[in-house]
Amino acid sequence: AGAGAGAGVPPAKPVKPPKPAKPPKKPQAGAGAAAPQPVVPKRPAKFSRSGGKEEPNLQPAPGTNPVAQSANGRFYPLSQLQDKNSCPPNVDPKNRELFLSDLDFMGVFGMTKDQYKNKAAWQKVVLKKKANLF
């Protein structure tokens, strides 16, 4: 009688776990499956503030001393002009920026001395404060 207890019912199949999702296929080189990358033009290394105009050549002339005499005396390095205690006695404390060489002036202020002279007084004060010359 025990043999007929499961008669007529097929045996249960074992349940398989679902397959893990496959990672997306990587495009193969040269297959053309990937969209082409957009071409981005390179930016210029140095941007000009002159709006495309040629900037003045501020390199010292060959055979000249870059620390030369100016109309108002000798040129001094920026670090010496920034320190009020070590500033030379012939330097006007209100116009210390004029004792920079043309090359140093361009590096600090991003303009020539002539362009600087044409600025409004308040603009000069802002520039001098940024350069620690006020």
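Me: Is F109 buried or exposed?
Reply: In this predicted model, F109 has a relative accessibility of 5%. Buried means under 20% relative accessible area. F109 therefore counts as buried.

Me: Which residues have the most contacts inside the largest nonpolar core?
Reply: In soluble globular proteins, nonpolar side chains tend to be buried together. Here the largest nonpolar core has 13 residues. Leaving aside neighbours within four places in sequence, L81 is in contact with residues including C87, V91, F99, L100 and L133. The residues with the most contacts inside the core are L81 and F109.

Me: What kind of aromatic pair do F105 and Y116 form?
Reply: F105 lies in helix α2 and Y116 in helix α3, 11 residues apart. Both F105 and Y116 are buried. Their ring centres are 5.3 Å apart and their planes stand at 80°. Planes over 60 degrees apart count as edge-to-face, so the pair of F105 and Y116 is edge-to-face.

Me: Which residues do ring pairs link into a cluster?
Reply: The structure has four aromatic pairs. F109 and Y116 form one that is tilted, with 5.3 Å from centre to centre and 40° between the planes. Y116 also pairs with F105. The cluster linked by ring pairs consists of F105, F109 and Y116.

Me: How many salt bridges does the structure hold?
Reply: One salt bridge joins the side chains of K128 and E97, at 3.9 Å from N to O. K113 forms a salt bridge with D102, with the closest N and O atoms 3.7 Å apart. The number of salt bridges in the structure is two.

Me: How many residues apart in sequence are the parts that K128 and E97 tie together?
Reply: The side chains of K128 and E97 meet in a salt bridge. K128 lies in helix α4 (residues 121–130), and E97 lies in the loop between α1 (78–82) and α2 (102–109). The pair therefore ties together parts whose separation in sequence is 31 residues.

Me: Is D102 buried, partly exposed or exposed?
Reply: D102 lies in helix α2, and its salt-bridge partner K113 in helix α3. At 15% relative accessibility, K113 counts as buried. D102 has 41% relative accessibility, so D102 counts as partly exposed.

Me: What is the distance in space between F134 and E97, C-alpha to C-alpha?
Reply: F134 is in the segment after α4. Leaving aside neighbours within four places in sequence, F134 is in contact with K84, R96, V125, K128 and K129. F134 and E97 are 37 residues apart in sequence. Their C-alpha to C-alpha distance is 9.0 Å.

Technical notes
Residues numbered from 1 in each chain as written. Predicted model: local features only at pLDDT ≥ 70, side-chain atom pairs only at ≥ 80, totals over all residues. Heavy atoms only, no water. Salt bridge = Lys/Arg side-chain N within 4 Å of Asp/Glu carboxyl O. Helix = DSSP H or I, 4+ residues; strand = E, 2+ residues; numbered from the N terminus. Buried < 20%, exposed > 50% of the residue type's maximum accessible area, 1.4 Å probe, protein only. Contact = heavy atoms within 4.5 Å. Core = buried A, V, L, I, M, F, W, Y, C linked by side-chain atoms within 4.5 Å. Phe/Tyr/Trp six-rings, centres within 6.5 Å; stacked < 30°, edge-to-face > 60°.
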